[in-house]
Amino acid sequence: MKGFCTFLSSTTPIDEEHVHVRWIFTAPRSAGDDATAMAAEAFCTGVSQDIPIWENKVYRERPVLTKSEKPITEHRAWCQQFYSYPAM
C-alpha cells in the first residue's frame, strides 16, 4: 500500500491441511494514528471473503494454464525446492 502502509505476511505449515499465518502492518506516523488499524481491517475484510475459495482449493499436478500464465508454472517449479515428501 505504497505511501500508506507496509504489510508483511508469514505462513508456517502446521500439518498437511493447516497453516499458521501472521500479518504485520506498519505505517509512518504521518499516515495517522489509526492507519495500521484501518489497513488491517480493510485487508481482513477482503481476505475473509476468500476463505470459502481457499477451503475448497485442490492441488493439480498439471493444471490447465494459458501461455500468459507461464509465470505460475515457473513459480511452482521454484517452490518445489521447499517441499518435503514422506519417506516411501
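**Note on cysteines and aromatic residues**

1. The sulfur of Cys44 has its closest cysteine sulfur in Cys5, 11 Å away, which is too far for a bond. The model is a predicted one. Seen from Cys5, the closest cysteine sulfur is that of Cys44, again at 11 Å and too far for a bond. A disulfide would need the two sulfur atoms within 2.5 Å. A search of the whole structure accordingly returns zero disulfides.

2. How do the two cysteines stand with respect to the surface, buried or exposed? Cys5 counts as buried, because its relative accessibility is 5%. Cys44 is partly exposed, with a relative accessible area of 34%.

3. The aromatic residues deserve a separate look. The structure holds six aromatic pairs. One of them joins Phe7 and Phe25, with 5.0 Å from centre to centre and 40 degrees between the planes, and is described as tilted. Tilted is the label for plane angles that are neither under 30 degrees nor over 60.

4. Which parts of the chain does this pair tie together? Phe7 belongs to strand β1 (residues 6-13) and Phe25 to strand β2 (residues 19-26), so the pair connects parts that are 18 residues apart in sequence. Phe7 is partly exposed, at a relative accessible area of 31%. Phe25 is buried, at 15%.

5. A second pair to check is that of Trp78 and Phe82: their ring centres are 4.9 Å apart, and with 70 degrees between the planes the pair is edge-to-face. Phe82 is exposed, because its relative accessible area is 55% and the limit for exposed is over 50%.

6. Which residues do ring pairs link into a cluster? The members are Phe7, Trp23, Phe25 and Phe43. The tilted pair of Phe7 and Phe25 thus has both of its residues in this cluster.

7. Trp78 and Phe82 also appear in a nonpolar surface patch of about 640 Å², made together with Tyr59, Tyr83 and Tyr85. Tyr85 is placed in the segment after α2 (70-79). With a relative accessibility of 57%, Tyr85 counts as exposed.

8. To sum up, the cysteines form zero disulfides, the sulfurs of Cys5 and Cys44 being 11 Å apart. Of the aromatic residues named here, Phe7, Trp23, Phe25 and Phe43 are linked by ring pairs, while Tyr59, Trp78, Phe82, Tyr83 and Tyr85 make the nonpolar surface patch.

Note on methods. Residues numbered from 1 in each chain as written. Predicted model: local features only at pLDDT ≥ 70, side-chain atom pairs only at ≥ 80, totals over all residues. Heavy atoms only, no water. Patch = residues over 30% accessible without salt bridge, like charges linked within 9 Å, V, L, I, M, F, W, Y side chains within 5 Å. Areas by Shrake-Rupley, 256 points an atom, 1.4 Å probe, with all protein chains shown as cover. Salt bridge = Lys/Arg side-chain N within 4 Å of Asp/Glu carboxyl O. Helix = DSSP H or I, 4+ residues; strand = E, 2+ residues; numbered from the N terminus. Buried < 20%, exposed > 50% of the residue type's maximum accessible area, 1.4 Å probe, protein only. Phe/Tyr/Trp six-rings, centres within 6.5 Å; stacked < 30°, edge-to-face > 60°.
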